[in-house]
Each structure stands twice: as structure tokens, then as C-alpha cells.
Amino acid sequence: MTITNKGAEADRLVSIAAPDVSDDVQLHEMAVENDVMKMRQLPDGIEIPAGAKVELKSGGLHVMFMRIKHPFTEARSSRRR
């Protein structure tokens with residue numbers, strides 16, 4: 001997922017809600033420290049700098065769905081990505 005801030009000031013993604021999938025959706029960061037991969041929740045969210053894009057993907061900043069209610073399925077969309 002890519003988030004674009006077209007504004008003149010920094011913004012912050014502080015939460016994501018997906019009640020049909022999980023009641024606990026967290027923003028996480030994965031980083032390597034001393035050759036050990038670590039993941040941590042970002043309770044203050046993710047800053048989106050002014051005029052910048054931030055990509056959420058595995059291996060970096062990402063969304064973590066805890067205690068999912070049912071398996072994910074691929075959705076088909078007519079929107080271009």
C-alpha cells in the first residue's frame with residue numbers, strides 16, 4: 001500500500017480499522033539491529049512527510065492484522081493500481 005501526502009505539511013497515519021477482518025489492526029516497523037530482524041508496533045503511527053510517499057510492505061513499514069476472523073481472499077477490482 002502506498003500513501004501519498006500531497007499537502008504542504010507532514011501528516012501521520014495513526015490507525016487502520018478493518019472490523020470485518022480483525023478488531024486489532026496495528027502499524028508495525030521491521031528493522032535489522034545487530035544482524036537480528038526485529039518487528040515492533042508503532043503506537044504513534046507513521047509520519048507521511050509533506051509532498052512524499054510512504055510505502056507499507058513486508059520487510060519495512062507494514063500493517064499487522066492480529067487475531068484475524070477469517071482467511072484473506074484476493075479481491076478483484078476494476079481500479080488500476
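This note goes through the fold, the core, the salt bridges and a surface patch of a predicted model.

1. **Overall architecture.** The protein has 7 strands and 0 helices. Read along the sequence, the pattern is β-β-β-β-β-β-β. The C-alpha trace spans about 40 × 35 × 20 Å along its principal axes.

2. **Burial and surface.** The protein has 81 residues, and 21% of them count as buried. About 6600 Å² is exposed. Carbon and sulfur atoms supply 49% of that area.

3. **Contact range.** Take the contacts between residues at least 6 apart in sequence. Of these, 67% join residues at least 24 apart. Two pairs discussed below give concrete cases of sequence separation: Asp24 with Arg67, 43 residues apart, and Ile68 with Val21, 47 residues apart.

4. **Nonpolar core.** Which residues make up the largest nonpolar core? There are 7: Leu13, Leu27, Leu42, Ile46, Ile48, Val54 and Leu56. Val54 is a useful entry point for inspection. Leaving out residues up to four places away in sequence, Val54 touches Met1, Thr2, Ile3, Ile46, Glu47, Ile48, Pro49 and Leu61. Two of those partners, Ile46 and Ile48, are themselves listed in the core.

5. **Salt bridges, overall.** How many salt bridges does the structure hold? The count is 6. Three of them are taken up in the next points, among them Asp24 with Arg67.

6. **Asp24–Arg67.** The closest N and O atoms of this salt bridge are 3.1 Å apart. The pair links distant parts of the chain. Asp24 lies in strand S3, residues 24–33, while Arg67 sits in the segment after S7. Arg67 has a relative accessible area of 65%. That value is over 50%, so Arg67 counts as exposed.

7. **Glu29–Arg40.** Here the closest N and O atoms are 2.8 Å apart. Glu29 is also in strand S3, and Arg40 is in strand S4, residues 36–41. The two residues are 11 apart in sequence, and the pair again links distant parts of the chain. Glu29 is partly exposed, at 25% relative accessible area. Arg40 is partly exposed too, at 47%.

8. **Glu55–Lys57.** These side chains meet in a salt bridge at 3.9 Å, N to O. The cut-off is 4 Å, so the pair qualifies. Glu55 is partly exposed, with a relative accessible area of 46%. Lys57 is also partly exposed, at 46% relative accessibility.

9. **Surface patch.** Which residues form a nonpolar patch on the surface? They are Phe65, Ile68 and Phe72. Together they have about 270 Å² of accessible area. Phe65 belongs to strand S7, residues 61–66. Its relative accessible area is 30%, and Phe65 is partly exposed.

10. **Ile68 in the patch.** Is Ile68 buried or partly exposed? At 41% relative accessibility, Ile68 counts as partly exposed. Its place is the segment after S7, where Arg67 also lies. Leaving out residues up to four places away in sequence, Ile68 touches Val21 and Ser22. The Val21 contact spans 47 residues in sequence, with the C-alpha atoms 5.6 Å apart.

11. **The segment after S7.** Two points above meet here. Arg67 in this segment bonds by salt bridge to Asp24. Ile68, also in this segment, touches Val21 and Ser22 and belongs to the nonpolar patch with Phe65 and Phe72.

Key:
Residues are numbered from 1 along each chain as its sequence is written. This is a predicted model: local features need pLDDT of at least 70, side-chain atom pairs count only at pLDDT 80 or more; totals for chains, interfaces and linings use all residues. Side-chain values use heavy atoms; hydrogens and water are left out. Patches are made of residues with over 30% relative accessible area and no salt bridge: like charges are joined within 9 Å, nonpolar side chains (Val, Leu, Ile, Met, Phe, Trp, Tyr) within 5 Å. Accessible areas come from the Shrake-Rupley method with a 1.4 Å probe; for residues, only the protein chains shown count as cover. Helices (H or I, at least four residues) and strands (E, at least two) are DSSP runs, numbered from the N terminus. Buried means under 20% relative accessible area, exposed over 50%, partly exposed in between (1.4 Å probe, protein chains only). A nonpolar core is a set of buried Ala, Val, Leu, Ile, Met, Phe, Trp, Tyr and Cys residues joined through side-chain atoms within 4.5 Å. Contact means heavy atoms within 4.5 Å.
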